[in-house]
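Student: I am new to this structure and would like to learn how its features are read. May we go through them one by one?

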Amino acid sequence: MLRTVGAAAGEGAVVADLFSGSARVAHALKAAGWRVVANDHLAFAHALALGTVQADAERWSVQARTILAKLSHLPPSPGWFTATYAEGARYLHPANAARLEAVRDAIERLDPEPELRAVLLTALLQAADRVDSTAGHQMAFMREWAPRALKPLELRLPELLPRPAAGPCLALAQDAVELAASIECDVAYLDPPYDQHAYLSNYHLWETLVRWDRPETYGRAAKRVECRTRRSAFNNRREIGPALARLVGALRARTLVVSFGAEGFLQRAELERVLAARGFLRVLEIPHRRYAGTRLGIHNGRGERVGTPGADTTTERLYVVSDRRLDLPADQPWADAVPREEPCHGRDPH
Ligand SMILES: C[S@@+](CC[C@H](N)C(=O)[O-])C[C@H]1O[C@@H](n2cnc3c(N)ncnc32)[C@H](O)[C@@H]1O
């Protein structure tokens with residue numbers, strides 16, 4: 001991915017990641033020296049982007065490390081969070097949940113400025129992630145404690161990066177389709193949901209840890225009730241096509257890099273039709289191993305298998321479309337999806 005962006009983005013370029021999720025890609029883009037705009041509509045994803053992409057090391061490392069050292073010594077404080085997610089559901093060992101609860105309450109009381117708050121919340125999410133008792137997603141939890149869940153919670157300073165020479169990075173929390181027209185960048189990386197699986201449901205616990213809003217929950221998995229109603233257009237078979245077309249049509253970027261699962265709601269031909277209007281289009285197929293939950297089957301709160309294991313691998317397609325012919329990494333089997341003599345622009349990208 002980085003090499004693909006590298007083929008399109010020169011030094012000092014602005015790269016936008018409009019569905020930033022864990023912020024791992026946006027963080028790697030910042031580390032590579034680009035100015036990054038990271039956006040995601042979920043609160044926990046925005047906190048991760050604010051805390052690891054917008055926040056610069058030289059501004060926050062010392063202060064955040066000092067605060068985290070103090071927070072590490074807080075006594076456990078079991079309350080609604082521990083009762084809901086460690087005793088009712090069992091995502092975290094009660095000892096760790098009670099410490100998380102104490103730290104989260106303390107961050108609320110400290111009321112730090114937004115970037116510092118996001119660095120502290122990122123440290124908390126990363127600490128929780130290292131000791132959770134799941135197979136990766138929060139649709140279910142392990143019947144017996146995962147060995148890592150028995151390890152003590154440890155707060156560590158997130159990997160902060162220095163501000164790129166090209167300028168500051170930015171984290172936003174907006175609907176990508178609404179945001180598109182106001183973003184100006186050299187490369188836009190789009191990794192939207194491509195089927196019914198929503199990050200809000202898969203990571204509802206992280207959303208709650210960040211929003212700290214004592215949500216009403218349902219079922220053995222104790223998901224936030226809004227998981228039933230708050231849906232992205234990209235999780236809807238009928239809405240995804242028009243949403244993507246609007247997004248692609250509105251973006252002012254010379255190059256788009258779009259990641260989309262081969263088994264998603266949109267077929268390759270449909271995506272090619274939407275993207276080809278922006279210029280030279282090439283497609284790469286990348287096989288991935290599926291996450292553990294899918295390979296093992298899904299279990300309910302009693303540890304009974306309620307889903308069947310899926311195939312071992314899944315294919316991600318990377319669509320790269322640009323107003324010019326790019327020199328893409330030669331060791332990858334790129335295909336000219338829509339061979340053209342001249343680029344054909346639905347609109348002028350600049
Ligand atoms: C496949 S994940 C992105 C994963 C990300 N590339 C990573 O490295 O973690 C899709 C993301 O899109 C976000 N999302 C879904 N619909 C959105 C919308 N309309 N606007 C902004 N973000 C959206 C979800 O919250 C989720 O984090």
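Student: Where is Ala-181 found?

Tutor: The general idea is to place a residue relative to the elements on either side of it. In this predicted model, Ala-181 lies in the loop between H8 and strand E4 (184-190).

Student: Is Ala-181 buried, exposed or partly exposed?

Tutor: One counts neighbouring C-beta atoms: 20 or more within 10 Å make a residue buried, and 12 or fewer make it exposed. Ala-181 has 13 other C-beta atoms within 10 Å, and therefore it is partly exposed. Sequence distance and spatial distance should also be read side by side. Ala-181 and Ala-250 are 69 residues apart in sequence, yet their C-alpha atoms are 4.9 Å apart in space.

Student: Where is Arg-35 placed, and how many other C-beta atoms lie within 10 Å of it?

Tutor: Arg-35 belongs to strand E2. Arg-35 is buried because 22 other C-beta atoms lie within 10 Å. Along the chain, Arg-35 and Ala-166 are 131 residues apart, while 6.1 Å separates their C-alpha atoms. Leaving aside residues up to four places away in sequence, Arg-35 touches Val-14, Pro-164, Ala-166, Gly-167 and Cys-169.

Student: How does one read the pairing of E2 with E1?

Tutor: One notes the direction of the strands and the number of bridges. E1 (residues 14-17) and E2 (residues 35-39) pair in the parallel sense over 4 bridges. One of the bridge partners in E2 is Ala-38, which stands across from Asp-17.

Student: Which residues of E1 are buried on each side?

Tutor: For a strand, the two faces are examined separately. In E1, Val-14 and Ala-16 are buried on one side, and Val-15 and Asp-17 are buried on the other, so that both faces are covered.

Student: What does one look for in a helix, and how many residues of H3 are buried?

Tutor: A helix is read by asking which of its residues are buried and what they pack against. In helix H3 (residues 43-54), 11 of the 12 residues are buried, and the helix is mostly covered. Among the buried residues are Phe-44, His-46, Leu-48 and Gln-54. The buried residues of H3 pack against H2, E2, H7, strand E3 (170-172), helix H9 (199-202) and H10.

Student: Which residues of H12 are buried, and why are they on the same side?

Tutor: In helix H12 (residues 268-276), Leu-271, Val-274 and Leu-275 are buried. They lie on the same side of H12 because they cover an arc of only 90° around the axis. The partners of the buried residues of H12 are helix H11 (240-250), strand E7 (252-261), strand E8 (280-289) and strand E9 (313-322).

Student: How do E7 and E8 pair with E9?

Tutor: Again, direction and bridges are the points to read. E7 and E9 are antiparallel and pair over 7 bridges, with Ser-259 opposite Leu-318 in E9. E8 and E9 also run antiparallel, joined by 10 bridges, and Pro-287 stands opposite Thr-315 in E9.

Student: What does the sign of phi tell a reader?

Tutor: Most residues other than glycine have a negative phi. Arg-214, although not a glycine, has a positive phi of about 45°. Arg-214 is found in the loop between helix H10 (204-211) and strand E5 (217-218), and it is exposed because it has 11 other C-beta atoms within 10 Å. Ala-222 likewise has a positive phi, near 50°. Ala-222 is in the loop between E5 and strand E6 (223-224), and with 20 C-beta neighbours inside 10 Å it counts as buried.

Student: Which residues touch the most other members of the largest nonpolar core?

Tutor: A core is read by its members and by the elements that supply them. The largest nonpolar core has 105 residues, of which Val-15 and Val-187 touch the most other members. Helix H7 (residues 114-130) gives the most to this core, with 9 residues. Beyond residues up to four places away in sequence, Val-187 touches residues including Val-5, Val-15, Thr-255 and Val-257.

Student: Finally, how many residues surround the ligand?

Tutor: There are 19 residues around the ligand, and the closest are Phe-19, Gly-21, Ser-22, Ala-176 and Ser-232. Helix H2 (24-31) and helix H8 (176-179) are the elements that give two or more residues to this shell. By class, the shell has 10 nonpolar, 5 polar and 4 charged residues.

Key:
Residues are numbered from 1 along each chain as its sequence is written. This is a predicted model: local features need pLDDT of at least 70, side-chain atom pairs count only at pLDDT 80 or more; totals for chains, interfaces and linings use all residues. A residue is near a molecule or strand if its C-beta atom, placed from the backbone, lies within 6 Å of it. Ala, Val, Leu, Ile, Met, Phe, Trp, Tyr, Cys and Pro count as nonpolar, Asp, Glu, Lys and Arg as charged, and the others, Gly among them, as polar. A nonpolar core is a set of buried Ala, Val, Leu, Ile, Met, Phe, Trp, Tyr and Cys residues joined through C-beta atoms within 7 Å. Two residues are in contact if their C-beta atoms, placed from the backbone, lie within 7 Å. The arc is that of the directions from the helix axis to the C-beta atoms. Two strands pair if DSSP finds at least two bridges between them.
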